[in-house]
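Work through the following exercises with the sequence and the coordinates at hand. Each task is followed by a solution that proceeds step by step.

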Amino acid sequence: MKPDDSRLAEKLFQKDHMIGCYWDTVSRWMVMRATRDAEALREPLFIVQAADASSPSMPAEAAAKLMTKANPKNTGGLHGLLPVHRGMRIRLLEALDLAHGLVKDTEGRLVDIVVNPLDQEAVGTALANGHSQIYLRHLPFGFWVRIEKYTAAPFKTILEAHDASLTGASTESLVFIETRTSEPFEFRDKKINYRVTRTGFPFSYGRVITTTACQGRTMRDGVVLDCGRRTAGRGRKEDDDYWLELYVMLSRATRIEDLLLMRAPPCDFLLRGPPLGLRQQLQKFANRTEECRREARALITELGFDDLLHPK
C-alpha cells in the first residue's frame, strides 16, 4: 500500500477486515473504523466506558492508564473504552451459548443500544444538537446484536404474540448482550499492585482483529494488513515467529487482489519458506503418514482383502 492509496476508497476495502500483529495497532484502528463507519452510516458514535473497582483505591492518573490498555486479555477480557454504533460489526470475546454456536470470535451486527435511563436526557440533548459522538456516563443496559447462523433466540414466540410484525424469521437471530463482571486481575503502576474487577461488555470490534483472532477464517472482502513488527524490547518478534504470523495474515484472503500490505517485509523474507522447525515437524508428520499407510496395506493383505487396495 502506498501513501494516500486510491484503492482504500474502493468498496472492497471500505468494508474490509484489518489485521495487525499488535493490539496497539488494532486498538487505534478500532477507533478510526468505528468513527468512519458511524459517519458513513449517519449514526451517532457512542463511547462506552467500563466500570472498574480497585483495591487499593486507584488514583485518576493510574485509572486512565488502565482504561486505555489495548489488549482485553490483560484487563479481565473486557475493553476499557469501546466506541460503538448501530450497524457496527462486533466479535464476541467469550462464549455466550456453546450449544447454539455463540462461541468466542463469533461475529454479528449491532442493531440497537439500550441506554441507561440516567443517560437518556443527555443523549437526547446531544442528538438534538447534532453531536456525532456521545460519551455515556453510565453503562448501557445492553446491546441487541444480530448473529449470522444463529436461530435459537428463546423469545421468538413471545415477541410475535406481542406484535405480529415481529415474526420468528426477523427475531430468531437476535441476541441481547448484557454486562458481565470479570474475575479479579492485577494492574501495576508506579510500583503499586492493584487488584481490579471490571464490569463491561464481552465483545470487540469485528472487522479489526489481531493475527491470533483471525486464524482459521476466510475473508472474501478486502484485507488490509499491518505487517510492522518490533525487533527489540517488549513484544519483539523473532524471524521464525514473524514469518508464521505473516503466513496467517496473508492466507486469510482468497485472492492476492484483495490484499493491501502496510510496512511489508522484503519479498525474499517470505520466499525463504517456513521456519526450519516447522519444516522438520511437517516431515515427521509425512513420514508417520507413510508408515501408517504401509501398516494398513500389510493388514489388508494379511486379511485377504487385496482387491480393496487402490492401484498405485
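## Exercises with worked solutions

**Exercise 1. Decide whether Ser182 is buried or exposed, and list what it touches.**

Solution. Bear in mind throughout that the model is a predicted one. The relative accessibility of Ser182 is 6%, and because buried means under 20%, this residue counts as buried. As to its place in the chain, Ser182 sits in the loop between strand 10 (180-181) and strand 11 (185-189). Leaving aside residues up to four places away in sequence, Ser182 touches Gly76, Leu78, Thr197 and Arg198. As a distance check, the C-alpha atoms of Ser182 and Thr25 are 24 Å apart in space, with their positions 157 residues apart in sequence.

**Exercise 2. Place Leu102 in the chain, classify its burial, and describe the strand pairing around its loop.**

Solution. Begin with the location: Leu102 belongs to the loop between strand 5 (89-92) and strand 6 (107-114). Its relative accessibility is 4%, so Leu102 counts as buried. When residues up to four places away in sequence are not counted, the residues that Leu102 touches are Leu92, Ala95, Leu96, Asp97, Ile147, Tyr150 and Val175.

Next, consider the strands on either side of the loop. Strand 5 and strand 6 run antiparallel and are joined by three bridges, with Arg91 standing opposite Glu107 in strand 6. Strand 6 also pairs with strand 8 (residues 142-147), in the antiparallel sense and over six bridges, and here Val114 stands opposite Gly142 in strand 8. Finally, a distance for comparison with the model: Leu102 and Glu302, which are 200 residues apart along the chain, have C-alpha atoms separated by 48 Å.

**Exercise 3. Establish the strand order of the open sheet of four strands, explain why two of its strands are edges, and find the helices that pack on it.**

Solution. The order of the four strands is 14-1-15-16, and their pairing is parallel. Strand 14 (208-210) and strand 16 (259-262) each have a single partner strand, so one side of each is left without a neighbour in the sheet, and these two stand at the edges. From one strand to the next, the twist averages 20 degrees.

Within this sheet, strand 1 (residues 17-20) and strand 15 (residues 223-226) pair in the parallel sense over four bridges, and the bridge partner of Met18 in strand 15 is Val224. Helix 2 (residues 23-41) packs on the sheet, where it touches strand 1, strand 14, strand 15 and strand 16, and its direction makes about 175 degrees with that of strand 14. Helix 8 (residues 239-250) likewise packs on the sheet, touching strand 1, strand 15 and strand 16, with its direction at about 165 degrees to that of strand 15.

**Exercise 4. Characterise the protein chain as a whole, and explain why it counts as more spread out than a compact globule.**

Solution. The protein chain contains 10 helices and 16 strands. Its radius of gyration is 24 Å, well over the 20 Å that the globule rule gives for 312 residues, so the chain is more spread out than a compact globule. The C-alpha trace spans about 80 × 55 × 50 Å along its principal axes. Turning to burial and surface, 39% of the 312 residues count as buried, while the chain exposes about 18500 Å², of which carbon and sulfur atoms supply 54%. Lastly, among contacts between residues at least 6 apart in sequence, 71% join residues at least 24 apart.

Note on methods. Residues numbered from 1 in each chain as written. Predicted model: local features only at pLDDT ≥ 70, side-chain atom pairs only at ≥ 80, totals over all residues. Heavy atoms only, no water. Buried < 20%, exposed > 50% of the residue type's maximum accessible area, 1.4 Å probe, protein only. Contact = heavy atoms within 4.5 Å. Pairing = 2+ DSSP bridges. Axes fitted to C-alpha atoms, helices over the stretch in contact; angles between N-to-C directions. Rg over C-alpha atoms; globule rule 2.2 N^0.38 Å. Areas by Shrake-Rupley, 256 points an atom, 1.4 Å probe, with all protein chains shown as cover.
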